[in-house]
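Student: I would like to learn how to read the features of a protein model, one at a time. Could you walk me through this one?

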Amino acid sequence: MLAVWFVMVFLFRLVKADERPTGYLFYTSDVINLDLNQTSYIVGCTVNSTGGVGTDMNIQNLMILDARRNPYLTEIVNDTTIIHKVDLRNGDESTLCGVRSYICRLNRSLIAMRSIYVARPPPAIKPADFKCISYNRKRLVCQFQRDNSCGLYTEYNLFMIRLSSHSVCNLTDNGTMLSFDSSSDTCVFSSGHRTLTFRIEGTNKIGKTESTHLVDHFDIVRPEEPSDLQVSFLDVTSVNLTWSMSFLLYNLNRSFEVEFHLITKHGVLQIFVDLSLSKDKEIMHHFKDLYAFTSYELRMRVRVIPKSERNFEEDYWSEWSSIEFQTKACKPYEAPRILPGAYSFKERRENLVTIEVFWEQVPEHRYNGPGFGYGIYALSQSGHKLSTNCSNNGVATFQKVKVDEQYIVYLYSYNEEGRSDDTNIIHIYPHKSKYQPKIKRMLYNESYQLQWFPVDERAHLSNYTIMYCSYSTTGTCHGSIQFDSLPSDATSYVLNVTKPLTFALAANYHTYSSELTWPLCTISPATSISQISFKLTDITEQSFTLRLQLSCMDQSLIDRYDVRYWPTLKRDAMRNQTFRPYDTVIPIENLIIDTEYEVIVTAYDDRGNTFEASSSVRTKDKDILMQLALFLLFGMLVMGFITTTATRKVKKIMNIKVEIPSGLLGIYETPIQVNSFQEESEFQSISEGLELEELSNGENHQFVKKQNHCFPSNWEQSNQSPSQLPFDGIPVQVNTVQKKCRPENFINAIEMEELSPSEEKPFLKVKSILKKPEQICPPNHSEKPKPTVQIVTGDNYIKPSQMPCMMDPTEVMPPIIRENSPSGYVDVKLMRNQHRV
């Protein structure tokens with residue numbers, strides 16, 4: 001049963017197939033040549049009325065479709081025919097031309113289909129599109145690009161015409177380009193022929209075109225690369241280069257263009273020269289203005305200069321030839337560039353400061369030799385010279401510079417061949433605030449804009465120095481430093497760069513240059529002030545200090561600010577002061593004692609927006625300070641009383657002499673007195689003596705520091721008794737002693753460190769003892785002073801000894817102070833006639 005069913009279905013479909021409608025497509029032409037200015041064409045479809053189509057036959061179901069099954073707009077001619085009219089006058093040619101497919105259908109039944117070619121004949125190959133190259137007159141290659149008009153395939157043929165005959169040149173087709181190569185073709189050319197004639201034929205479905213091309217053979221020659229490159233002369237900045245060229249190029253009767261590339265690590269220098277060949281002349285070119293001590297790679301190529309129009313100029317260059325050389329070294333040409341004010345103070349300590357000096361680095365290609373560096377030193381007005389280890393990054397640091405001295409900085413460059421002939425200088429001046437420029441803000445929005453306030457002192461202002469360099473986290477410049485100079489009325493500077501930079505500004509006068517001022521931060525123009533705050537400190541009876549607490553960005557955005565303050569209960573007594581944003585510490589004075597004050601700070605930006613902050617403060621009461629002063633005075637009196645009482649107790653118990661300040665002496669106590677000699681005539685030079693270092697004050701006599709001790713000038717002529725000798729009073733005049741007692745006159749002496757007066761006689765402490773203090777007594781004296789020396793070291797007492805004049809201390813000194821022994825201190829008490837001094 002299943003098989004019978006399949007047979008019946010098959011027979012039914014055969015019957016239905018015989019009932020399918022038939023018909024055909026018709027058209028004006030299957031080839032539409034747009035070059036003939038045809039305005040339209042028609043495509044129609046007709047269905048045969050015979051064949052028993054049944055009830056499906058309805059003209060409304062007949063249609064014409066494109067290749068994508070999209071229906072065209074059609075007209076019904078009769079019950080069996082429809083047409084589609086194509087207007088070639090409307091629409092873009094790119095949408096009209098090409099291979100157009102048409103399909104006729106009735107319901108789902110295919111009636112017929114046809115393709116119509118709408119296009120132009122292939123365009124003629126233009127001379128600008130036809131290129132021939134003669135490789136050194138040995139091989140000819142010609143090529144042109146295929147042009148398939150409106151998508152129609154075009155067949156091309158190339159012919160070389162010789163007099164009345166021609167030869168067919170085989171073309172190699174790589175899809176878009178057709179080429180002919182004489183080295184693999186029967187279409188042979190002669191290298192001696194000056195003119196070559198070619199004909200190109202192109203054919204497609206629409207038609208055929210031809211184009212003829214006359215080619216000047218000598219103009220299309222592509223030379224071989226130069227050979228035998230040699231350097232015949234080499235100097236610091238110049239070189240001579242010689243080379244050879246193919247002999248086939250000498251009889252072309254053409255000039256040549258030569259392109260040189262001088263390649264260094266600093267860049268490429270491109271040079272073009274024209275060259276004429278002569279068999280009797282060596283080919284040579286002289287290069288000048290080269291970099292000294294620089295390695296070069298010299299590359300060169302040549303091409304023929306044509307006498308006729310020639311396209312594809314780049315294709316007629318020869319291959320590159322190259323040679324390497326290095327120019328000779330010499331000393332640097334110039335000192336590095338520096339402008340006034342290119343210095344900055346940092347690390348200030350008391351009267352000393354560290355100074356940084358900046359300059360533009362010499363480009364590496366101008367080092368001119370090995371061992372390049374910078375030399376820099378500074379001279380003060382007093383002739384003091386400062387030197388530093390200078391680096392090659394454009395900055396030098398001078399340390400421990402006197403802050404109040406003026407310096408001249410000398411800067412030069414050098415290498416192993418010597419130093420630059422010139423030296424650049426700048427002056428470094430002590431800091432003066434009124435000459436220092438104040439930076440307002442640094443803005444960045446795809447370009448930098450530095451703004452600053454006019455300087456306080458504008459008289460004799462000459463110009464401004466702008467310095468900028470690559471950004472450093474330290475906020476200073478290290479390398480890539482550049483300078484610019486601006487007129488004195490400038491208050492802003494714009495630089496269109498995108499890389500991170502640091503800027504600095506200095507003001508220059510006729511006789512002064514300020515140090516550099518650095519911006520603290522860089523902000524965007526769209527930024528606004530975040531907040532204003534301040535602190536009130538140093539509060540006294542009639543003043544306090546206002547300290548603004550601003551971020552760098554907020555301070556940069558402030559154009560000015562007002563400070564208003566008044567007693568809380570007297571608002572009508574308000575005072576108002578205006579300040580610049582760099583005035584962040586404001587003293588407020590002439591206030592009322594013990595009074596509450598209200599303080600308001602109002603900041604303004606450059607757009608007129610305001611921001612406020614407020615606080616209050618109370619001045620101090622003066623009575624508190626008076627009470628404190630009285631309390632301190634009372635404490636001092638109590639301490640003085642305790643000190644005086646304790647001193648007298650100690651003197652009484654220990655039986656020692658202690659000098660008490662005059663203000664603390666009792667009614668019956670007198671100050672210690674020691675006589676002094678003050679006239680220059682009372683002193684003379686001696687060969688030995690005592691070197692005293694310090695004297696203490698008595699009430700009626702002034703004692704000063706001494707270098708050497710001299711005895712009175714009348715000692716030699718008098719026979720005074722020891723008690724009357726002026727040894728009782730030690731001479732103390734410094735200037736006189738230094739003139740009369742020169743150090744070279746002291747051969748051996750006792751060096752004293754300290755002299756303290758007792759009630760009657762001097763007391764001395766020995767610092768060191770020198771050998772043999774003889775000759776201290778004047779000659780020819782029957783009666784000589786007989787002092788006694790008692791030497792005390794700790795608890796050990798040396799027995800006193802008597803000498804006709806003065807004992808030899810080296811015989812009684814303990815080992816601690818003998819000659820060549822370790823240093824030490826002992827107490828020496830001078831006694832006169834067995835009376836303790």
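**Reading the model**

Tutor: Let us start with one pair: Lys 265 and Glu 364 form a salt bridge through their side chains, 2.7 Å from N to O. The pair links distant parts of the chain, with Lys 265 in the loop between β20 (256-264) and β21 (267-275) and Glu 364 in the loop between β26 (352-358) and β27 (373-380), 99 residues apart. Keep in mind that this is a predicted model: local features need pLDDT of at least 70, side-chain atom pairs count only at pLDDT 80 or more, and totals for chains, interfaces and linings use all residues. Residues are numbered from 1 along each chain as its sequence is written, and side-chain values use heavy atoms, with hydrogens and water left out.

Student: What counts as a salt bridge?

Tutor: In general, side chains of opposite charge can pair when their charged atoms come close. Here the criterion is a side-chain nitrogen of Lys or Arg within 4 Å of a carboxyl oxygen of Asp or Glu. A search of the whole structure gives 29 salt bridges.

Student: Is Lys 265 buried or exposed?

Tutor: Buried means under 20% relative accessible area, exposed over 50%, and partly exposed in between (1.4 Å probe, protein chains only). Lys 265 is exposed at 69%, while its partner Glu 364 is partly exposed at 42%.

Student: Which residue forms a salt bridge with Arg 301?

Tutor: That is Glu 314, and the closest N and O atoms are 3.0 Å apart. Arg 301 belongs to strand β23 (residues 295-304) and Glu 314 to the loop between β23 and β24 (321-326), 13 residues apart. Arg 301 is buried, with a relative accessible area of 11%.

Student: Which residues are linked in a network of salt bridges?

Tutor: Glu 257, Arg 303, Arg 310 and Glu 313 are linked in this way.

Student: How should I read the strands and sheets?

Tutor: Strands of a sheet pair through backbone hydrogen bonds, either parallel or antiparallel. Helices (H or I, at least four residues) and strands (E, at least two) are DSSP runs, numbered from the N terminus, and two strands pair if DSSP finds at least two bridges between them. The protein chain has 6 helices and 52 strands. In one open sheet, 4 strands follow the order β1-β3-β6-β5 with antiparallel pairing. Its edges are β1 (23-27) and β5 (75-76), each with a single partner strand, so one side of each has no neighbour in the sheet.

Student: How many bridges join β1 and β3?

Tutor: Those two strands pair in the antiparallel sense over 5 bridges, with β3 covering residues 40-47. Within this pairing, Leu 25 stands opposite Cys 45 in β3.

Student: What is the strand order in the open sheet that contains β44?

Tutor: This sheet has 4 strands in the order β42-β41-β44-β45, and the pairing is antiparallel. The edge strands, β42 (575-579) and β45 (610-618), each pair on one side only. β41 (residues 558-567) meets β44 (residues 596-605) in an antiparallel pairing over 9 bridges, and Tyr 565 has Val 599 in β44 as its bridge partner.

Student: Which side chains meet in a salt bridge with an N to O distance of 3.6 Å?

Tutor: Glu 596 and Arg 618 do. Glu 596 lies in strand β44 and Arg 618 in strand β45, so the pair ties together parts that are 22 residues apart in sequence. Glu 596 is partly exposed at 27%, and Arg 618 is partly exposed at 44%.

Student: Which residues does Gln 326 touch?

Tutor: A contact means heavy atoms within 4.5 Å. Not counting residues up to four places away in sequence, Gln 326 touches Leu 234, Phe 293, Thr 294 and Ser 295. Gln 326 lies in strand β24 and is partly exposed, with a relative accessible area of 37%. From Gln 326 to Asp 235 the C-alpha to C-alpha distance is 9.2 Å, although the two are 91 residues apart in sequence.

Student: What about the chain as a whole?

Tutor: Of the 837 residues in the protein chain, 42% are buried. Among contacts with a separation of 6 or more, 65% come from residues 24 or more positions apart.
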